[in-house]
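Trainee: Before we look at the model together, could you show me how to read its side-chain packing, one kind of feature at a time?

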Amino acid sequence: MYQPAITGTGVFTPSEIITNDELVAAFNAYADRMNAENADAIAAGEMEAIQHSSTEFIIAASGIENRYVLNKSGVLDPEVMAPILRERSDEEPGVMAEMAVDACTKALEQAGVDAAEVDAVLCAASNHERAYPAIAVEIQKLLGCGGFGFDMNVACSSATFGIQAAADMIRAGSIRKALVVNPEICSAHLEWRDRDCHFIFGDVCTAVLLEREEDAKGPHFTIRSTRLATEFSNNIRNNNGFLRRTRNGHMQDRRDMLFMQEGRKVFKQVLPMVSAHIAAHMADEGIAKEDLKRIWLHQANKTMNDFIGKKVMGRVPTPEEQPNILQDYANTSSAGSIIAFSKFSEDMETGDIGLICSFGAGYSVGSVIVERKFV
């Protein structure tokens, strides 16, 4: 058995930013247009008027202030309300693969590893731009990696599930090095026309390089333990898929073919599940609350993170102990906890213990306990 370690991380951040004020202006313009077009139906009580959004509402509901996206012009156009991404030929790199190459290259550079040394590429994300061929295999080719690649989807928990899969392969000796990459184009499956969720998501791509610890060339994080759990629920869902065209009317613009969430149920059911999962994982590994230097949580909602952080630490964690990037990036699905880990981990000292945790649709939850080491 070999000891796996995280030796490099990388983050691709789109160049375009949408502020809450910009988003609210676009949404309210859309609401005004729709309410005017349906004034008679609204007056007759046949449909409800769309309420205005506000920056104050968004902050109170989520803690989000900005989000990065691949395209903002379409999102902010009241006539479009969706990102506009050009169609690419089959000979061009896909959008997800292009994002992934950037993040993976940064992770490889940090670890001092050549792409040709990588044995496996796992593309783990909440949505993939095509069914096949696998995005991971395209990334493998573009980078010049050896071995194999495959795609994974466990929604917002995809990163931690991918880390466990790669770590297990390294432990077993079937590979030496693996890239787990999370290209999330959340803006394309968000319903920007829905006041309850139009502010939630952003785009990003993260990557982590895992190696046998004996191969690490510099500072790294030993993966001490991983743990995964799932429990089926439809409260977070996206019904789009290849069977859509087999059902009459399903090719039309349908609300249920984009991100859907029963927010109150998710809060009530996910928070205790995640808190109990982390507590059990730490207890089984003999890690006390006082031993935990840092927690990098899934970045979905500030209230959720505050609740989980307090449960895990037994008190309100400091911003250094529980770093949040949600206010800048919004919810980036599987990538959120890895952004936080990548940006807020270099200051940790030898022997410091931290925990990466992601959770979401499924329901799913994954936790990774790591320890800081220096060569």
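Mentor: Let us start with charges over rings, keeping in mind that this is a predicted model. Arg212 lies over the face of Tyr2, at 3.7 Å from the ring centre.

Trainee: Over which ring does the charged end of Arg195 sit?

Mentor: That ring belongs to Phe57, and the charged end of Arg195 is placed 4.0 Å from its centre.

Trainee: How many aromatic pairs does the structure hold, and how should I read the geometry of one of them?

Mentor: There are eight aromatic pairs in the structure. Take Phe27 and Tyr30, whose ring centres are 6.3 Å apart and whose planes meet at 55 degrees, so the pair is classed as tilted, because that angle falls between the 30 and 60 degrees that bound the class. These two residues are three apart in helix H1, which means that about one helical turn separates them, and both Phe27 and Tyr30 are buried.

Trainee: Why is the pair of Phe221 and Trp296 edge-to-face?

Mentor: For Phe221 and Trp296 the ring centres are 6.2 Å apart and the planes stand at 85 degrees, so the pair counts as edge-to-face, the cut-off being over 60 degrees. This pair links distant parts of the chain, with Phe221 in strand S8 (residues 220-230) and Trp296 in strand S11, 75 residues apart. Both partners, Phe221 and Trp296, are buried, and ring pairs join them with Phe341 into a cluster.

Trainee: Phe341 brings us to helix H10; is that helix mostly covered or mostly open?

Mentor: Helix H10, residues 336-343, is mostly covered, with seven of its eight residues buried. Among the buried ones are Ile338, Ile339 and Phe341, together with Gly336 and Ser337.

Trainee: Which residues have the most contacts inside the largest nonpolar core, and which elements supply it?

Mentor: That core has 46 residues, and those with the most contacts inside it are Val274, Ile278, Leu292, Ile308, Leu355, Cys357 and Phe359. At least two residues each come from helices H1, H7 and H8 and from strands S11, S12 and S13, and H7 gives the most, with seven residues. Apart from this core lies another, of 35 residues, which includes Leu122, Val154, Tyr329 and Val368.

Trainee: What is Leu355 in contact with, if its neighbours within four places in sequence are left aside?

Mentor: With those neighbours set aside, the contacts of Leu355 include Ile278, Met282 and Leu292, and further along the sequence Arg294, Ile295 and Trp296, as well as Ser367, Val368 and Ile369.

Key
Residues numbered from 1 in each chain as written. Predicted model: local features only at pLDDT ≥ 70, side-chain atom pairs only at ≥ 80, totals over all residues. Heavy atoms only, no water. Core = buried A, V, L, I, M, F, W, Y, C linked by side-chain atoms within 4.5 Å. Buried < 20%, exposed > 50% of the residue type's maximum accessible area, 1.4 Å probe, protein only. Helix = DSSP H or I, 4+ residues; strand = E, 2+ residues; numbered from the N terminus. Contact = heavy atoms within 4.5 Å. Phe/Tyr/Trp six-rings, centres within 6.5 Å; stacked < 30°, edge-to-face > 60°. Lys NZ or Arg CZ within 6 Å of the ring centre and 35° of its normal.
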